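This report follows a few strands, the ligand site and some points of backbone geometry in turn. The sequence and the model are shown first.

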Amino acid sequence: MALINDHYSKLKAGYLFPEIGRRVAKFAAENPSAKIIRLGIGDVTEPLPAAVTAAMHAAVDEMGRRETFRGYGPEQGFDFLRNAIAHNDFHSRGAKVAADEIFVSDGSKCDTGNILDIFGAGNTVAVTDPVYPVYVDTNVMAGRTGTADEGGRYAGLVYIPVTEANNFTPALPTQHVDLIYLCYPNNPTGTVATKETLQKWVDYARQEDAIIFFDAAYEAYITETGIPHSIYEIDGARECAIEFRSFSKTAGFTGTRCAFTVVPKGLTGKSATGDRVELHALWNRRHTTKFNGVSYVIQRGAEAIYSEAGKPQVRKLIDFYLENARVLCDGLRAAGLTVYGGVNAPYVWLKTPRDLTSWAFFDELLSKANLVGTPGSGFGAAGEGYFRLSAFNSRENIEEAVKRIQSFLS
Ligand code: MLT
């Protein structure tokens with residue numbers, strides 16, 4: 001008999017976004033004339049920048065000619081893309097990251113889950129609360145937790161609240177932890193971490209011999225000066241941090257898939273016998289065994305993001321979504337709501353009116369305003385009473401959404 005991974009039975013019913021999809025599909029089937037606006041999952045709506053599609057077309061043509069056709073590429077990514085990333089995303093900000101420390105992949109959601117393959121089962125894991133659910137669920141799947149309580153908190157995980165009470169600044173754990181997930185700009189709250197905050201975490205991680213998983217998928221949305229875009233802008237981070245980045249929200253790659261993970265050389269973990277082992281070598285082993293690389297065509301498209309033509313096009317795309325976020329924030333505040341985020345991130349985090357629970361507000365908003373958002377409690381117990389709206393949509397839909405919320409609340 002084939003035994004299953006019993007840890008899966010500890011997971012809460014459905015992954016957050018499919019659960020939202022299920023409720024919306026049911027509502028749509030029962031109300032076929034409703035014009036539903038979806039600001040739930042953070043999925044981009046605007047087309048790829050022209051420089052990106054031009055590069056992809058050229059790459060497709062190369063694949064159609066014998067002389068330029070390519071089969072398997074390097075699993076870690078082509079040098080042309082790794083060099084462009086190292087130069088533009090890190091060197092230009094004074095962060096020391098070498099091209100061969102960059103692993104190109106098909107998504108940072110996948111990588112933040114897959115990275116657990118190279119870490120032992122006995123690690124104590126810290127997550128913020130609220131948190132991007134993938135960090136929690138992948139640890140549950142890997143057997144690093146007990147069961148969940150009523151609020152959805154798993155035994156064995158260390159939860160660090162990030163709420164308005166602490167100005168969305170996570171306090172250091174009061175106990176030892178081995179693995180720490182930090183996501184900045186933050187999904188779901190849309191808030192950012194200052195250099196001082198990140199320095200405290202890096203110092204803590206080095207002192208505790210812990211590893212920080214730094215998810216910077218939304219770094220391109222940072223508008224305020226002085227906010228770090230990479231953990232490697234922080235002194236000592238190379239000795240304690242792995243960083244995850246994605247082209248999904250930066251340049252509209254949610255459908256085409258391209259991302260990367262940085263594992264610095266010299267970063268180590270401990271074996272059961274107490275030896276220091278290079279995490280770069282372990283991740284390289286894992287990556288080359290279980291992954292065959294992102295397609296050449298897509299990597300050429302990603303490279304074009306950094307071209308002279310691509311850079312302003314990408315900026316325009318990000319500015320478009322940031323303007324959506326501003327319209328949302330202004331409109332929600334005018335409707336009397338308390339709102340966070342939306343300045344350095346494409347997410348707006350609001351306090352539900354009338355002390356409604358997150359899911360009660362979700363249901364009301366869907367049925368009365370035909371608007372879909374994401375219940376804060378889906379991101380963790382500390383997200384209860386909050387709600388996330390995504391700025392990824394057309395301007396027309398964002399303006400219409402604001403109107404609907406204002407009339408729904410008036
Ligand atoms: C979100 O809505 O939180 C994101 O789209 C999820 C993701 O990037 O996987």
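The account begins with strand β2, residues 102–105, from which Ile102 and Val104 point one way while Phe103 and Ser105 point the other way, all of them being buried. This fits the general pattern that in a regular strand the side chains alternate between the two faces of the sheet. The model is a predicted one, and the description below should be read with that in mind. Strand β2 is joined by four bridges to strand β8, residues 259–262, and the two run antiparallel. Within this pairing, Val104 has Phe260 of β8 as its bridge partner.

**Strand β15 and its neighbours**

Strand β15 covers residues 386–390, and because five of its five residues are buried, the strand is largely enclosed by the rest of the structure. Tyr386, Arg388 and Ser390 point one way from β15, whereas Phe387 and Leu389 point the other way, and both sets are buried. Strand β12, residues 347–351, pairs with β15 in the antiparallel sense over five bridges, and in this pairing Trp349 has Arg388 as its bridge partner in β15. Strand β14, residues 374–375, is also antiparallel to β15 and is joined to β15 by two bridges; here Pro375 stands opposite Phe387.

**The ligand site**

Arg388 leads from β15 to the ligand, since this residue is one of those around the ligand, together with Phe17, Ile41, Gly42, Lys109, Tyr132, Asn187, Tyr218, Lys249 and Tyr347. By class, the residues of this shell divide into five nonpolar, two polar and three charged. Which residues place polar atoms opposite oxygen atoms of the ligand, and at what distance? Three such pairs, listed below, involve Gly42, Tyr132 and Arg388.

| Residue | Atom on the protein side | Distance to an oxygen atom of the ligand |
|---|---|---|
| Gly42 | polar backbone atom | 2.6 Å |
| Tyr132 | N or O atom in the side chain | 2.5 Å |
| Arg388 | polar side-chain atom | 2.7 Å |

Taken on its own, the ligand has 270 Å² of accessible area, and the protein covers 84% of it. Where does the ligand lie with respect to domain 1 and domain 2? Domain 1 (7–47 + 311–409) and domain 2 (53–304) both give residues to the shell, and the ligand therefore lies between them.

**Two buried residues**

Thr250 has its place in helix α7, residues 248–251, and with a relative accessible area of 10% this residue is buried. A polar atom of the Thr250 side chain lies 3.1 Å from the backbone oxygen of Ser246. Ile242 belongs to strand β7, residues 241–246, and is likewise classed as buried, with a relative accessible area of 0%; residues count as buried under 20% relative accessible area. Although Ile242 and Ile115 are 127 residues apart in sequence, their C-alpha atoms are 9.4 Å apart in space.

**Backbone geometry**

Most residues other than glycine have a negative phi, and most peptide bonds are trans. Against that background, four places in the model deserve a closer look. The peptide bond that joins Asp129 and Pro130 is cis, with omega at about 5°, and Pro130 lies in the loop between β3 (125–129) and α5 (133–141). A cis peptide bond also joins Asn187 and Pro188, where omega is about 20°; Pro188 is found in the loop between β5 (179–183) and α6 (195–208), while Asn187 is one of the residues around the ligand.

Positive phi values occur at Arg257, where phi is near 70°, and at Asn370, where phi is near 50°; neither residue is a glycine. Arg257 is found in the loop between α7 and β8, and Asn370 in the loop between α11 (358–369) and β13 (371–372). Are these two residues buried or partly exposed? Arg257 counts as partly exposed, at 29% relative accessibility, whereas Asn370, at 17%, counts as buried.

Technical notes. Residues numbered from 1 in each chain as written. Predicted model: local features only at pLDDT ≥ 70, side-chain atom pairs only at ≥ 80, totals over all residues. Heavy atoms only, no water. Near = heavy atom within 4 Å. Polar contact = N/O pair within 3.5 Å; in protein donor to acceptor, adjacent residues only side chain to side chain. Areas by Shrake-Rupley, 256 points an atom, 1.4 Å probe, with all protein chains shown as cover. Nonpolar A, V, L, I, M, F, W, Y, C, P; charged D, E, K, R; others polar. Domains from an automatic or database assignment. Buried < 20%, exposed > 50% of the residue type's maximum accessible area, 1.4 Å probe, protein only. Pairing = 2+ DSSP bridges.
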